[in-house]
Amino acid sequence: MQRLNPLRTSMPKKIAVYPGSFDPITFGHLDIINRGLRIFDEVIIAVAEYPSKKALFTVEERVGLIREVLEDNDKASVDTFDGLLIDYVLSRGASVIIRGLRAVTDFEFEFQIAQMNRAISQDVETLLMMTSVPFSYLSSSIVKEVSSLNGPVNGLVPPSVIKSLNGKYNR
Ligand code: ADP
């Protein structure tokens, strides 16, 4: 059954949700957030509580790191969600889901999810934003892998994230 957005006609603000694991947030994510902020009145960064995904940081830690990095941007906020993404998006009065595309390999997965979400609600559009070239190879996984081996991750994640990674790997 189609889920309709009850706030659609009365919502003057264009709100987008940027969902993901953010385990941890990287400069690639931040680039997408900053570009999203140029298009939308408000961007909600929504940290998913996927029970099946093995994460290094707890959801609370991930939220805390994002808040620290965003500082006082009144157009960006951080939240958590579980369950169906579309239900969360509609509950926040948003009409757009932002996702990032790094390579062709991301495309198939994102395309499938976007089509599925569109089948669930036509009141929500997915906006796939292409990565900026310097971040095209950057993922939270690669950051964790390099950091766990004591490799350098400066330039890939903010200093506060480096500090937290060092803490996780007992350095
Ligand atoms: P998920 O587990 O949902 O993929 P991630 O935190 O890994 O969560 O990614 C969230 C979103 O950010 C995804 O759409 C992903 O493609 C995008 N993303 C991650 N890293 C980058 C990057 N370096 N450049 C552009 N988009 C990115």
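## Exercises on surface patches and an aromatic pair

E71 lies in the loop that runs between α2 (59-70) and β3 (76-81). Keep in mind that this is a predicted model.

**Exercise 1.** Decide whether E71 is buried or exposed, and find which surface patch E71 helps to form.

*Solution.* Start with the cut-off: exposed means over 50% relative accessible area. E71 has 64% relative accessibility, so E71 counts as exposed. Next, look at the patch: E71 joins E68, D72 and D74 in a negative patch on the surface.

**Exercise 2.** Work out where D82 is found and how far its C-alpha atom is from that of F40.

*Solution.* Place D82 in the loop between β3 and α3 (85-91). Its relative accessible area is 56%, so D82 is exposed. Then turn to the pair: D82 and F40 are 42 residues apart along the chain, and 23 Å separates their C-alpha atoms.

**Exercise 3.** Identify the nonpolar surface patch that includes V104.

*Solution.* Begin with V104, which sits in helix α4 (residues 104-120). With a relative accessible area of 72%, V104 is exposed. V104 forms the nonpolar patch with F107 and F111, and together they have about 320 Å² of accessible area.

**Exercise 4.** Classify the ring pair of F81 and Y88.

*Solution.* Searching the whole structure gives 3 aromatic pairs. In the pair of F81 and Y88, the ring centres are 5.3 Å apart and the planes are at 25°. Planes under 30 degrees apart count as stacked, so this pair is stacked. To finish, note that both F81 and Y88 are buried.

Key. Residues are numbered from 1 along each chain as its sequence is written. This is a predicted model: local features need pLDDT of at least 70, side-chain atom pairs count only at pLDDT 80 or more; totals for chains, interfaces and linings use all residues. Side-chain values use heavy atoms; hydrogens and water are left out. Patches are made of residues with over 30% relative accessible area and no salt bridge: like charges are joined within 9 Å, nonpolar side chains (Val, Leu, Ile, Met, Phe, Trp, Tyr) within 5 Å. Accessible areas come from the Shrake-Rupley method with a 1.4 Å probe; for residues, only the protein chains shown count as cover. A salt bridge is a side-chain nitrogen of Lys or Arg within 4 Å of a carboxyl oxygen of Asp or Glu. Lys and Arg count as positive and Asp and Glu as negative; His and the chain ends are not counted. The place of a charge is taken as NZ of Lys, CZ of Arg, CG of Asp or CD of Glu. Helices (H or I, at least four residues) and strands (E, at least two) are DSSP runs, numbered from the N terminus. Buried means under 20% relative accessible area, exposed over 50%, partly exposed in between (1.4 Å probe, protein chains only). Rings of Phe, Tyr and Trp (its six-membered ring) pair if their centres lie within 6.5 Å; planes under 30 degrees apart count as stacked, over 60 as edge-to-face and the rest as tilted.
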